[in-house]
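Me: I should be grateful for a close look at the interior of this protein, with its empty spaces and the residues around them.

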Amino acid sequence: MEPITLVGAGECAEIDIKQCLDMAPRVFAADGGARHCRAAGIMPELVIGDLDSILEGETLDIPPTHLHHVAEQDSTDFEKALRVLTAPLILGVGFTGARMDHQLACYNALVRYPERRCVLLSDSDIAFLAPPSLELPLVAGTRVSLFPMGLVEGVSDGLRWPIAGLTFTPDGRIGTSNEATGAVMLSVTAPKMLVILPRECFAIVVTALAAPSGSWPAL
């Protein structure tokens, strides 16, 4: 019942893993993310996935008891990890860059598993699914992008362009490059809205999402 770090096989620097470990010291890997872990001298508690990214015979000195094989090929390793892991908050690193299709699939998984609170860290930004309500003590001028993954509405306080009365859809209105005027309060009607903030907001978001508040039920 504590936040955990989940490492993927995408773009990932050792400093990225360390930033997650400072707030979530227990480490898990999604398939090829095990390589990033071992390169950083970390033994993941569990490696989850179809394990096709770990070459046959190359277990990276990971004990067999640390390998959780999920054979089906209908989901990404990130989605497999979301299904297996239970934690109040998952800090995901190594799930952006490298391959755009995998990155988009990760955003899709965030929406399809709304009960799994997860923050994805990239080299410049962070992304997460908005819970029913959220309060963030942001600095005025902070970029706040809202990207709908389905039909969703909401209300806000502390945004330069308020969202009340607007209907967001992926093929219609989106909320790229809004801006905080100070602390932001956001409420949305469905688990369909991604929030994208500068990486500098990582610790603020982790603290906000780790706090007890309303959560989306499993779909």
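Which residues of the largest nonpolar core touch the most other members?

Reply: The model is a predicted one, and what follows rests on that model.

The largest nonpolar core holds 71 residues, and those that touch the most other members are Leu6, Phe78, Val119, Phe128, Leu197 and Val205. Two of these names return below, in the lining of a cavity and in that of a pocket.

Leu197 offers a way in. When neighbours within four places in sequence are set aside, Leu197 is in contact with Asp125, Ile126, Phe128, Leu136, Leu138, Arg143, Val144 and Val205. Phe128 and Val205 thus appear among the contacts of Leu197, and both are also listed with Leu197 as residues of the core that touch the most other members.

The enclosed spaces come next. A search of the whole structure finds 2 cavities of 30 Å³ or more. The second largest cavity, which contains about 60 Å³ of space, has Leu197 in its lining, together with Leu134, Leu136, Leu138, Val144, Leu146, Leu159, Val184, Leu186 and Val195. By class, this lining comprises 10 nonpolar residues, with no polar and no charged ones. Strands β8 (133-136), β9 (143-148), β12 (175-188) and β13 (193-198) each supply at least two residues of the lining. Leu136, Leu138 and Val144, which line this cavity, are also among the contacts of Leu197.

The largest cavity has about 90 Å³ of space. Its lining is made up of Leu110, Tyr113, Pro114, Arg116, Arg117, Cys118, Leu129, Pro131, Pro132, Leu209, Ser215 and Trp216. These residues divide into 9 nonpolar, 1 polar and 2 charged.

The open spaces can be described in like manner. The largest pocket has a volume of about 420 Å³. It is lined by 25 residues, of which Ala9, Thr76, Asp77, Phe78 and His102 are the closest to its centre. Two elements, α3 (77-84) and α4 (100-112), give two or more residues to this lining, and α4 gives the most, with 4 residues. The classes are 7 nonpolar, 12 polar and 6 charged. Phe78, close to the centre of this pocket, is also one of the core residues that touch the most other members.

The second largest pocket holds about 300 Å³ of space. Its lining has 16 residues, and Thr96, Gln103, Tyr107, Ala127 and Ile196 lie nearest its centre. Elements α4, β6 (118-121), β7 (125-129) and β13 each give two or more residues to the lining. Helix α4 again provides the largest share, 4 residues. This lining consists of 11 nonpolar, 4 polar and 1 charged residues. Strand β13 therefore calls for a second mention: it supplies at least two residues to the lining of the second largest cavity and two or more to that of the second largest pocket.Strand β12, which contributes to the second largest cavity, also contains Asn178. With a relative accessible area of 8%, Asn178 is buried, because that value is under the 20% limit. Beyond residues up to four places away in sequence, Asn178 touches Thr142, Arg143, Val144, Leu159, Arg160 and Trp161. Of these, Val144 and Leu159 belong to the lining of the second largest cavity.

Arg160, one of the residues that Asn178 touches, lies in the loop between β10 (152-159) and β11 (167-168). Arg160 is partly exposed, at a relative accessible area of 48%. Its contacts, not counting residues up to four places away in sequence, are Asn178, Glu179 and Thr181. Between the C-alpha atoms of Arg160 and Arg143, which are 17 residues apart along the chain, the separation is 10 Å.

Ser177 is likewise placed in strand β12. Its phi is near 60 degrees, a positive value in a residue other than glycine, and Ser177 is partly exposed, with a relative accessible area of 43%. Asp31 also has a positive phi, of about 45 degrees, although it is not a glycine. Asp31 sits in the loop between β2 (26-30) and α2 (33-39), and at 0% relative accessibility it counts as buried.

A further buried aspartate is Asp16, with 10% relative accessibility, which lies in helix α1 (residues 14-21). Its side chain reaches the backbone nitrogen of Ala13 at 2.9 Å. Apart from neighbours within four places in sequence, Asp16 is in contact with Val93, Leu121 and Arg199.

Definitions and conventions
Residues numbered from 1 in each chain as written. Predicted model: local features only at pLDDT ≥ 70, side-chain atom pairs only at ≥ 80, totals over all residues. Heavy atoms only, no water. Core = buried A, V, L, I, M, F, W, Y, C linked by side-chain atoms within 4.5 Å. Buried < 20%, exposed > 50% of the residue type's maximum accessible area, 1.4 Å probe, protein only. Contact = heavy atoms within 4.5 Å. 1 Å grid on protein atoms, 1.4 Å probe; cavity = no way out; pocket = protein on both sides within 12 Å on 5 of 7 lines; lining within 4 Å. Points joined across faces, edges and corners; volume = space filled by probe spheres on them. Nonpolar A, V, L, I, M, F, W, Y, C, P; charged D, E, K, R; others polar. Polar contact = N/O pair within 3.5 Å; in protein donor to acceptor, adjacent residues only side chain to side chain.
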